[in-house]
Amino acid sequence: MRIVLSVLLGVMSVTYPLIWYFGREWGWFNYLAVAMAVLWGIRATLQRDRAQKMMAMVVAMFFVAVWIFRLPESMYWYPVVVNGLMLLIFGSSLWAKQTLVERLARLQTPDLPPQGIVYTRKVTQIWCVFFIVNGTTAAVLALLGWHNIWAIYTGIVAYVLMGLLGIGEFAYRKLILKV
């Protein structure tokens with residue numbers, strides 16, 4: 001059940017900007033807001049990690065508020081909320097014993113050398129900058145009402161940029177650092 005929910009929520013989140021952009025004129029506001037609230041709410045109940053549970057509840061409550069107060073224009077802020085939460089997660093790990101990226105790197109390389117630890121801290125900082133720029137771009141496009149560009153940016157370009165950053169970092173770590 002947990003895997004099915006994760007896949008469904010992942011697909012809905014990735015396709016959300018395009019679903020909202022094309023569905024807004026067809027009256028999909030209620031359906032999409034409720035579906036996203038329910039999916040994030042279920043995810044919150046299934047999470048064991050307190051931080052992930054709280055993040056899922058924040059997103060679920062965002063959609064509940066948008067739906068209750070009938071604020072269709074607020075649907076454009078979902079990518080901003082997600083980027084803000086990702087910034088919070090990655091950024092707060094900079095003050096933890098291990099950064100989030102270090103924890104992920106240790107899944108493949110449990111005995112991460114000291115230069116690998118320094119490197120993962122820098123990568124975590126790069127991801128934080130990415131989430132700031134990405135969330136700000138989505139916010140500016142929403143504020144300006146440039147919905148066509150918002151849909152293309154948040155539904156396609158942002159994922160391409162995330163993929164390039166992730167693949168580029170992985171390749172650099174494996175080919176150059178050999179970590």
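1. A pocket here is an open set of grid points with protein on both sides within 12 Å along at least five of seven lines, and its lining residues have an atom within 4 Å of a point. Keep that in mind for the largest pocket. Its lining has 33 residues. Trp40, Met55, Val82, Met86 and Phe131 lie nearest its centre.

2. The model is predicted. Mean pLDDT for the chain is 91. Of its residues, 99% reach 70 or more. Confidence is lowest in helix H1 (residues 2-23), with a mean of 83. It is highest in helix H6 (residues 114-144), at 96.

3. Back to the largest pocket. Its volume is about 790 Å³. Several helices share the lining: H1, helix H2 (29-46), helix H3 (50-68), helix H4 (78-92), H5, H6 and helix H7 (147-177) each supply at least two residues. H4 gives the most, nine residues. Note that H1, the helix of lowest confidence, is among the contributors.

4. What is the chemical make-up of the largest pocket's lining, in nonpolar, polar and charged residues? The split is 21 nonpolar, nine polar and three charged.

5. The second largest pocket has a volume of about 210 Å³. H5, H6 and H7 each supply at least two of its lining residues. H5 provides the largest share, with five. The lining includes Leu100, Val101, Leu104, Ala105 and Gln108. Phe90, Val123, Trp127 and Gly166 also line this pocket, as do Glu169, Phe170 and Arg173.

6. By class, the second lining holds eight nonpolar, two polar and two charged residues. Glu and Arg count as charged, and the lining list contains Glu169 and Arg173.

7. The salt-bridge count is one. Arg106 pairs with Glu102, and their closest N and O atoms are 2.9 Å apart. That satisfies the cut-off, because a salt bridge needs the nitrogen within 4 Å of a carboxyl oxygen. Side chains of opposite charge can pair when their charged atoms come close.

8. Why are Arg106 and Glu102 about one helical turn apart? Because they sit four residues apart in helix H5 (residues 100-108).

9. Are the two partners buried or exposed? Glu102 has 4% relative accessibility, so it counts as buried. Arg106 has 22%, so it counts as partly exposed. The cut-off for buried is under 20%. H5 thus appears twice in this note: it holds the Arg106 and Glu102 pair, and it supplies five residues to the second largest pocket's lining.

Notes
Residues are numbered from 1 along each chain as its sequence is written. This is a predicted model: local features need pLDDT of at least 70, side-chain atom pairs count only at pLDDT 80 or more; totals for chains, interfaces and linings use all residues. Side-chain values use heavy atoms; hydrogens and water are left out. A salt bridge is a side-chain nitrogen of Lys or Arg within 4 Å of a carboxyl oxygen of Asp or Glu. Buried means under 20% relative accessible area, exposed over 50%, partly exposed in between (1.4 Å probe, protein chains only). pLDDT is the predictor's confidence in each residue, from 0 to 100. On a 1 Å grid over the protein atoms alone, a cavity is a set of points where a 1.4 Å probe fits but cannot get out, and a pocket is an open set with protein on both sides within 12 Å along at least five of seven lines; lining residues have an atom within 4 Å of a point. Grid points are joined across faces, edges and corners, and a volume is the space filled by probe spheres set on the points.
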